[in-house]
Amino acid sequence: MALLSLLLITLGGLLFFHRRLLRYFRFFQQEEYDSVRFMAWLRANRALDRRGSAVALVAGGLSLWVRSDWASVLALAGALALVILAVREEDPRKTGKIRLNLTPRARRIQRVAFLLYGAALLPAALLCHWLLGVRAPVGLWAIHLVLVQAPPLTLMGAAALLAPGEKRRQEAFRQDARRILTELAPFVIGITGSYGKTSTKGILRELLQQGLGPTFCPPRSINTVMGITRQIRENLRREHRWAVIEMGAYRRGSIQRLCALTPPRAAIVTTVGIMHLERFGDPEDVYQAKSELPQALPPEGILVLNGDNPGTRRMAREHPKGTTLLFGLDPALGDLDCWISDARTTPDGTVFSLHWRGATYPVTTRLLGRAALANLLAAFTMACALGAEPRYLVAVMANLEPESNRLELVREGEHRVLRDGYNSNPAGFEAALEVLAELPANRRILVTPGMIELGDRQAEENRRMAGLAAQVCDRILLVGETNRAAWLEGLDQAGYPEDQRLVLDHRDEALHRVGGEARPEDLILIENDLPDVYEARPSF
Amino acid sequence: MSREGEGRRTRVAVIFGGRSVEHEISIITALQLIRALDTERYDPIPVYIAQSGRWYTGPALLEKAVYLALPGSLSGLTEVVLLPRPGVPGLTPAAPPVRRWWRTDRTGPAVIPVDVYFPALHGSLGEDGCIQGLLEMAGAAYTGCSVGPAALGMDKWSCKRLVREEGIDVLPDAVVHREDARRDLEDARRRVRKTPGLEEGPLFVKPCALGSSVGIRAVRTDAELEAALAQVFRFDLRALVEPLVEEITEINVSVRGRRPALASVVETPLADGRLLSYEEKYMSRGGKKAPTGSEGMAGLARRIDPEELDGKSKDQARSRAVRIYELLGAAGVARIDFILDRSTGRLYFNEINTLPGSLAFYLWTRSDPPLLYTELLHEIIQEALAHRAERLSLEQDFGFRALKG
């Protein structure tokens with residue numbers, strides 16, 4: 001009977017482990033299988049198991065007190081409880097904004113993690129059986145108190161065990177990509193910056209592809225060595241004359257490693273700002289990490305920098321290259337090679353005059369907001385520096401569509417919605433508010449959970465943004481708890497009337513409310529609408 | 001191809017998909033076509049050219065599900081190739097059979113037998129002579145136009161000139177090459193405006209050699225013209241610019257058959273004279289967005305044999321359409337599109353589609369006498385088989401006279 005109990009508990013534990021492993025795995029994968037980062041995440045989210053431990057404690061504790069023949073009933077009940085918990089665990093392969101993708105590498109880690117768990121569990125179960133005899137279930141529950149915490153440990157252990165093999169594999173892929181790149185030799189343009197990288201990359205890709213020739217460009221926000229290695233191996237072709245590579249500066253040395261893989265001959269640095277501060281911690285680090293890109297350029301390289309941003313201006317002074325060009329919207333900080341004037345926001349897009357090399361071009365674009373315009377200027381400057389005809393680029397720009405959820409203006413029935421759901425940074429938020437203010441509208445309504453990933457400046461920045469929003473919006477809907485306090489403080493400080501505020505818990509509720517209350521020609525700004533901003537801290 | 005015995009159905013390989021912007025429309029045309037084939041006479045074999053350019057076949061292709069699950073769903077299909085040489089009775093599987101030690105067949109991969117190929121590809125590589133060239137080299141029977149007429153039909157610029165030579169009205173035009181525009185867009189624009197007939201007024205810009213409505217725009221200002229040219233050059237190396245006919249009625253006619261060629265009833269695709277965009281042309285069903293998938297051109301709001309159109313224009317369109325079809329040497333079913341300028345009453349040839357969406361069957365079902373889709377397909381396939389017999393009867397003179405002497 002005791003044996004049966006042990007078996008039940010073991011099976012329940014295994015299923016529980018399997019489902020828990022998947023859940024932790026999603027976050028492990030987001031941290032790129034880096035144990036240091038994963039442990040930081042575990043600490044930050046206090047991601048210890050509670051539910052499984054509760055089952056083990058109750059079942060084990062009761063088993064101590066009851067007669068041994070009741071112990072098997074308790075074992076069954078406990079095992080069932082574990083099974084129920086397991087089945088109710090969400091499946092990160094199917095839900096969530098960033099899903100778990102069981103790549104071949106992920107599967108290898110999963111298998112080894114299971115092996116580790118089995119290697120701990122089976123001897124423990126056997127020992128319990130031999131040493132504790134009839135009281136064995138109690139022992140096994142006690143062991144499970146520890147084992148329910150196992151999933152993150154087995155993940156890290158598995159990754160560590162597989163690390164040498166993975167390293168070899170990755171190194172082989174990297175060598176392969178290096179070889180392909182050297183043989184096909186496209187002209188590489190690197191792009192980095194605290195924000196605007198992906199948008200600038202997308203625009204530059206279109207300008208080069210349409211204005212000069214076939215252009216290679218990894219899709220979405222792929223900006224790591226591993227991601228770019230894979231893209232090169234799978235998609236780089238002989239015909240590609242240009243390669244636009246987004247480079248993510250995750251820490252000092254990130255960009256250096258990327259430039260070793262894809263040595264750039266030209267570079268754009270969009271901004272040096274305060275995004276993702278929790279990764280860097282120190283603004284000087286942010287600057288230095290991004291400076292690795294201009295440093296990697298050859299002396300005759302082409303460097304395009306944002307003239308509106310003090311950080312990139314400093315880069316122009318400290319790392320000048322053969323051709324150093326500055327773009328910007330605001331000549332106040334100094335000379336610009338490419339700038340705009342007479343910008344007007346209309347429901348069809350932005351109309352402005354673009355100044356470049358002594359000529360002025362009238363431009364119409366569907367893109368909205370100064371952030372988007374800055375990205376446009378960055379790409380335009382680079383494309384011209386590479387030899388494209390400015391006038392042709394202006395025609396191409398007239399056809400560009402805004403990316404989904406980046407200040408995308410859509411009509412919904414009688415009102416309009418400005419969708420700016422993609423991760424918001426302070427500059428982007430300000431730009432969105434500016435657009436909101438400039439477009440004609442009956443009422444201006446804001447729906448937002450605030451901004452995230454701003455380290456210890458998050459509260460301050462959200463308060464500040466609340467103050468700005470108060471000047472523009474007729475109504476503000478605050479969603480979720482994350483930044484609620486900061487926003488309410490900011491709105492109070494700005495003297496924003498209480499009856500114009502609405503505080504809600506859930507995004508869907510907010511969108512439903514706002515849609516229902518909308519009057520004709522209202523303009524609704526949906527800012528930073530990422531589901532993961534709303535995702536509650538995961539509980540285990 | 002000789003039939004091995006009475007009662008065997010003719011195996012028709014319907015080729016669709018393809019590397020063109022009209023890939024999706026081609027799938028719709030093909031599935032519709034396969035459903036309409038007379039299954040007592042014909043045995044349809046779906047052959048899908050994926051966006052990678054690889055050819056696949058398999059029964060799953062008859063269901064929409066496989067297209068919505070691409071590219072993963074391709075693994076359940078058989079990859080095939082059409083070898084560009086005669087003597088192969090069909091499609092050759094691409095992958096060698098998996099060798100197992102207990103299997104002893106050494107005869108090589110089994111060819112999937114095909115009696116006649118039915119290209120149902122729209123746009124580049126399918127409607128422009130490319131696949132026809134492959135089929136000729138394979139010595140296969142195939143439906144529709146041969147290489148020359150197909151290529152000519154796709155090239156709006158050349159086709160208009162041929163038609164104009166015949167004395168049929170065409171709109172004035174200017175062609176712009178991408179290289180020239182990239183180098184000096186302003187100059188390209190000025191040269192367009194210097195073209196007789198295009199000096200002023202709104203213009204109409206389109207890709208020279210694509211079907212559908214991708215990249216087509218009406219423009220009124222210089223900036224719009226330049227932007228429209230840039231848009232065309234995303235898809236094609238040449239842009240065609242014509243004057244915009246403000247009071248426009250589009251008149252389409254379908255033509256089929258050889259000696260004599262017959263014209264169908266006419267249709268006007270839209271009552272109020274606006275030109276159709278890609279979305280309007282293919283994603284509507286009576287003006288509303290189709291809930292799931294679409295019926296292609298068959299689903300569009302259209303006026304077939306409209307009463308409000310005068311008989312003279314209808315007759316003119318039909319007779320000119322037949323002349324143009326014969327002029328090109330076309331085969332199979334084509335749809336010829338005209339533009340009627342209501343302010344002058346002049347009828348201009350616009351373009352010919354040698355493989356029209358849904359094979360314009362909806363025009364033949366309303367013609368006099370009416371022709372059902374099933375019958376239409378039967379005629380097209382029989383025409384293809386007869387045509388191949390004709391070609392086979394031509395001598396090919398191989399002799400090594402120059403080398404020997």
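How many salt bridges does the rule find across the interface of chain A and chain B? In this predicted model, the count across that interface is two. One of these pairs joins E186(B) to R391(A), and the closest N and O atoms lie 3.4 Å apart. This pair is a handy place to begin a tour of the contact between the chains.

The size of an interface is often given as the accessible area lost when the parts come together. Here, about 1,100 Å² is buried between chain A and chain B, and carbon and sulfur atoms give 49% of that area. Chain A brings 13 residues to the contact, while chain B brings 14 residues. On the chain A side, the residues that lose the most area to chain B are R391(A), Y392(A) and N399(A), which together make up 57% of what that side buries. R391(A) thus appears both in this trio and in the salt bridge with E186(B).

Chain A itself can be described next. Its 540 residues include 20 helices and 15 strands. The C-alpha trace of chain A spans about 95 × 65 × 40 Å along its principal axes. Of its residues, 55% count as buried. Among the contacts in chain A with a separation of 6 or more, 72% are between residues 24 or more positions apart. The area that chain A exposes is about 23,800 Å², and 56% of it is supplied by carbon and sulfur atoms.

Part of the surface of chain A is a nonpolar patch of about 440 Å², made by L57(A), V58(A), L62(A), L145(A) and V146(A). Two elements of chain A, α3 (51–65) and α6 (136–147), each give two or more residues to the patch. Helix α3(A) supplies the largest share, with three residues. L145(A) sits in helix α6 of chain A; with a relative accessible area of 31%, L145(A) is partly exposed. Patch members must have over 30% relative accessible area, so L145(A), at 31%, passes that cut-off.

Salt bridges come next. Side chains of opposite charge can pair when their charged atoms come close. Over all chains, the structure holds 67 salt bridges. One of them is formed by the side chains of R51(A) and E89(A), at 3.1 Å from N to O. R51(A) belongs to helix α3 of chain A, whereas E89(A) is in the loop between α4 (68–88) and α5 (104–132), so this salt bridge ties together parts that are 38 residues apart in sequence. The two partners can also be described by their accessibility: R51(A) is partly exposed at 32%, whereas E89(A) is buried at 3%. Both residues also take part in a network of salt bridges that links R20(A), R23(A), R26(A), D49(A), R51(A), E89(A) and E90(A).

Elsewhere in chain A, R419(A) and E412(A) meet through their side chains in a salt bridge, with an N to O distance of 3.1 Å. R419(A) is partly exposed, at 28% relative accessibility, and E412(A) is partly exposed as well, at 34%.

Chain B offers a salt bridge between K160(B) and D173(B), whose closest N and O atoms are 2.7 Å apart. K160(B) lies in helix α5 (residues 156–165) of chain B and D173(B) in the loop between α5 and β8 (174–177), so the pair ties together parts that are 13 residues apart in sequence. K160(B) and D173(B) are both buried.

Another long-range feature of chain B involves A386(B), which is found in helix α12 (residues 373–392). This alanine is partly exposed, with a relative accessible area of 45%. The C-alpha atom of A386(B) is 8.7 Å from that of A141(B), although the two residues are 245 residues apart along the chain.

Finally, what about the cysteines? A disulfide is a covalent bond between the sulfur atoms of two cysteines. Over all chains, the structure holds zero disulfides. C159(B) is in no disulfide, and the nearest cysteine sulfur, belonging to C145(B), is 10 Å away. C159(B) is buried, at 1% relative accessibility. In chain A, C473(A) also counts as buried, at 4% relative accessibility.

Key:
Residues are numbered from 1 along each chain as its sequence is written. Chains are lettered from A and ligands numbered from 1 in the order in which they are written. This is a predicted model: local features need pLDDT of at least 70, side-chain atom pairs count only at pLDDT 80 or more; totals for chains, interfaces and linings use all residues. Side-chain values use heavy atoms; hydrogens and water are left out. Patches are made of residues with over 30% relative accessible area and no salt bridge: like charges are joined within 9 Å, nonpolar side chains (Val, Leu, Ile, Met, Phe, Trp, Tyr) within 5 Å. Accessible areas come from the Shrake-Rupley method with a 1.4 Å probe; for residues, only the protein chains shown count as cover. A salt bridge is a side-chain nitrogen of Lys or Arg within 4 Å of a carboxyl oxygen of Asp or Glu. Helices (H or I, at least four residues) and strands (E, at least two) are DSSP runs, numbered from the N terminus. Buried means under 20% relative accessible area, exposed over 50%, partly exposed in between (1.4 Å probe, protein chains only). A disulfide is a pair of cysteine sulfur atoms within 2.5 Å. Contact means heavy atoms within 4.5 Å. Buried area is the accessible area (1.4 Å probe) that two parts lose on being put together, summed over both.
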